[in-house]
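Me: I should like a close look at a single helix of this protein, set in the context of the whole chain. Please give one connected account.

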Amino acid sequence: MTDSEVKFDRLSNTSHPAMPAVLEIYTEAFPASERLPIPVLKERVDRGIYELWRGQQGDRVVFLAVLYPFPDSDLTLLGYIATHRSARNQGIGSQFLRQILAELQQRDRYLLLEVELPVETDPMTQRRCEFYRRFGAVFLEGVRYILPPLSGGEPTEMCLAIASEYAEPTLSGDRVRSLLRHFFQDLYDRPANDPLLLTCLETVPDTVYLK
C-alpha cells in the first residue's frame with residue numbers, strides 16, 4: 001500500500017490502538033445531537049452489535065464507518081460515515097461504499113441509509129442525496145423519519161434509503177413500522193410511546209415505494 005492509498009478494515013474491539021484517532025473523526029464530523037455517547041458506541045462495538053470500520057492512509061487514520069446489521073433481516077444500517085477533514089474530497093467515502101456494497105452483496109444484504117432531508121436552500125443536503133443515488137440508492141417514499149437527539153440538542157429530519165437497488169420495488173408498511181420501532185427502541189433507547197416515534201409511525205403508508 002502506498003502512502004496515498006486507503007485500506008479499509010474492521011476493528012474487532014475498542015482497545016485497538018487506532019481507536020483514539022477514530023473517535024477524533026467521530027466527534028469532529030457529527031454534531032452532538034446526532035452522535036451516540038462514546039461509552040454506548042464502544043460498548044456496542046465490543047459486544048459485536050456494531051461493526052466499526054476504519055480507513056488507514058499510510059500511518060494515518062482518515063476514515064470511519066459504523067454499521068449495524070439488523071438481526072433476522074437483509075438490511076445493514078450505515079449509521080455513521082466520515083472522512084478526516086484533512087483527507088476530504090479524495091473519493092475515500094466512495095471507495096468504502098464500493099467495498100462494503102460488494103461485501104454485503106456476498107452476504108445477500110443491502111445497505112440501509114439515514115440521509116439528511118434535502119433542503120432547497122442547502123445545496124450540501126442535496127449533494128448527499130445525489131451521492132448515494134450514484135450507488136443505486138432508492139428512497140423510502142412517504143416515510144417521515146426524525147432522528148431523535150442522541151446527546152442533547154434538537155431532533156434532525158432525515159430520510160431513509162436502501163443501496164444498492166433493492167430486490168423489490170416496495171416494502172410493506174408493517175415492515176417499515178417495525179424498522180422504525182427498532183431504530184428508536186433498540187438503537188436509540190427511546191420508549192415505545194416516544195412522541196417522535198409516534199409521529200414517524202403515523203406517516204407510514206400501507207405500501208412504501210422505493211424510488
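The part in question is the helix α1, and the reply below takes it together with its surroundings.

Reply: The model is a predicted one, and the account starts with the chain as a whole before turning to the helix. The protein chain holds 6 helices and 10 strands. Its radius of gyration is 17 Å, which agrees with the value near 17 Å that a compact globule of 211 residues would have. Along the principal axes, the C-alpha atoms fill a box of roughly 50 × 40 × 35 Å. Of the 211 residues, 48% are buried. Where contacts join residues at least 6 apart in sequence, 68% of them link residues at least 24 apart.

Helix α1 spans residues 19-29, and its buried residues are M19, V22, L23, I25 and Y26. These residues lie on the same side of α1, because the arc that they cover around the axis is only 155°. The general geometry of such a helix fits this pattern: with 3.6 residues a turn, residues three or four places apart point the same way.

What does this buried side of α1 pack against? Its partners are the strands β1, β2 (51-57), β3 (60-69) and β4 (75-83), together with the helix α2 (38-46).

One of these partners, strand β1, covers residues 6-11 and includes K7. K7 itself counts as exposed, because its relative accessibility is 52% and the cut-off for exposed is over 50%. Between the C-alpha atoms of K7 and V143 there is a separation of 36 Å, with these positions 136 residues apart along the chain.

The loop between α1 and α2 contains S33. In contrast to K7, which is exposed, S33 is buried, because its relative accessible area is 12% and buried means under 20%. Leaving aside residues up to four places away in sequence, S33 touches P148, P149, L150, S151, G152, G153, E154 and T156. The loop that follows α1 thus has a residue, S33, in contact with a later part of the chain, including P148 and T156.

Two further values describe the chain's surface and charges. The accessible surface comes to about 10500 Å², and carbon and sulfur atoms account for 47% of that area. The chain carries 23 positive and 30 negative charges, and the mean positions of the two sets are 3 Å apart.

In summary, α1 has its buried residues on one side, and these pack against four strands and the helix α2, while S33 in the loop between α1 and α2 is buried.

How values were computed
Residues are numbered from 1 along each chain as its sequence is written. This is a predicted model: local features need pLDDT of at least 70, side-chain atom pairs count only at pLDDT 80 or more; totals for chains, interfaces and linings use all residues. Side-chain values use heavy atoms; hydrogens and water are left out. Helices (H or I, at least four residues) and strands (E, at least two) are DSSP runs, numbered from the N terminus. The radius of gyration is taken over C-alpha atoms; the globule rule is 2.2 Å times the number of residues to the power 0.38. Buried means under 20% relative accessible area, exposed over 50%, partly exposed in between (1.4 Å probe, protein chains only). Contact means heavy atoms within 4.5 Å. Accessible areas come from the Shrake-Rupley method with a 1.4 Å probe; for residues, only the protein chains shown count as cover. Lys and Arg count as positive and Asp and Glu as negative; His and the chain ends are not counted. The place of a charge is taken as NZ of Lys, CZ of Arg, CG of Asp or CD of Glu. The arc is that of the directions from the helix axis to the C-beta atoms.
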